[in-house]
Amino acid sequence: LSCARLDPKNKFELIIHALPTILAKYPKLIWCIIGKGVEENILQALVKEKGLLNHVRFVGEIYDESKLAPWFLSSELFIHPAAVGLSILHAFGYGLPLITNGNKSFHNPEYAAFEDGLTGLNFIENDFNDLASVILKLLEDYETRNRMKLYTKKIVQEKYNSEVMVDRFLKIINKAASD
């Protein structure tokens with residue numbers, strides 16, 4: 001599953017290029033992408049060109065959580081090949097391990113929640129062959145994937161939620177007031 005604007009900066013073409021390798025081992029796999037954007041027609045044309053129409057679903061824009069939930073709950077992985085932001089916490093809330101590139105300086109601040117090997121895996125930036133390899137690694141290793149799913153839910157519950165954020169702000173305010 002991927003969920004973001006279909007803009008060039010998100011590099012979703014990397015997933016399309018990786019899919020033939022993945023499908024060689026998992027021929028029933030379907031990649032679903034939630035979002036709209038300026039690159040939608042280009043991505044759809046690439047999917048058609050590569051003969052992947054039966055393996056890619058362009059879901060469109062969804063903002064209602066009750067309509068997003070079934071897509072997240074029926075997925076095994078969250079894949080975002082480019083700079084990841086708040087969607088990382090969204091995916092973790094549903095227990096989805098993240099696959100993204102390993103260029104730390106490229107990502108948004110929310111990337112701090114990512115722990116390579118615990119909440120997902122990194123692939124070599126812009127390398128669709130490595131992306132395919134990393135996706136296959138997690139699809140083939142049920143135990144690791146399941147451990148990651150449990151851990152992502154745990155860190156959202158314990159470290160990255162609005163209640164924890166409010167507590168941290170209150171501590172900062174109280175400390176500033178006492179100084």
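**Exercise 1. Surface and overall size**

Task: Find how much accessible surface the protein chain has and what share of that surface belongs to carbon and sulfur atoms.

Solution: Start with the area, computed by the Shrake-Rupley method with a 1.4 Å probe. The accessible surface of the protein chain is about 9800 Å², and carbon and sulfur atoms hold 56% of that area.

A word on the model before going on: it is predicted, so local features need pLDDT of at least 70 and side-chain atom pairs count only at pLDDT 80 or more, whereas totals for chains, interfaces and linings use all residues. Residues are numbered from 1 along each chain as its sequence is written, and side-chain values use heavy atoms, with hydrogens and water left out.

Next, turn to burial, where buried means under 20% relative accessible area, exposed over 50% and partly exposed in between (1.4 Å probe, protein chains only). Of the 179 residues, 45% are buried.

Last, check the size. The radius of gyration, taken over C-alpha atoms, is compared with a globule rule of 2.2 Å times the number of residues to the power 0.38. The chain has 17 Å, which agrees with the value near 16 Å for a compact globule of 179 residues. Along the principal axes, the C-alpha trace spans about 65 × 35 × 35 Å.

**Exercise 2. The order of elements**

Task: Work out how many helices and strands the protein chain has, and which pattern they follow.

Solution: Helices (H or I, at least four residues) and strands (E, at least two) are DSSP runs, numbered from the N terminus. Counting gives seven helices and six strands. Reading along the sequence then yields β-α-β-α-β-α-β-α-β-β-α-α-α.

**Exercise 3. Two helices with a buried side**

Task: Determine which residues of α3 are buried, and which residues of α2 are buried.

Solution: Begin with α3, residues 65–73, where L68, A69 and F72 are buried. Seen down the axis, these buried residues fall within an arc of 110°, so they line one face of α3; the arc is that of the directions from the helix axis to the C-beta atoms. On the other side of α3 sit the exposed S66 and K67. For the packing partners, contact means heavy atoms within 4.5 Å. The buried residues of α3 pack against β1 (2–3), β2 (31–34), β4 (78–80) and α4 (87–93).

Now repeat the steps for α2, residues 40–49, with buried E40, L43, L46 and V47. Their arc covers only 130° around the axis, which puts them on the same side of α2. The face turned away from that buried side carries exposed N41, I42, K48 and E49. Packing partners of the buried α2 residues are α1 (13–25) and β3 (56–60). Just after α2, G51 takes a positive phi of about 70°.

**Exercise 4. Positive phi in loops**

Task: Compare K11 and N126: is each buried, partly exposed or exposed?

Solution: First locate K11, in the loop between β1 and α1. K11 is not a glycine, yet has a positive phi of about 55°. Its relative accessibility is 18%, so K11 counts as buried.

Then take N126, in the loop between β6 (120–123) and α5 (128–140). N126 is also a residue other than glycine, with a positive phi near 65°. At a relative accessible area of 44%, N126 is partly exposed.
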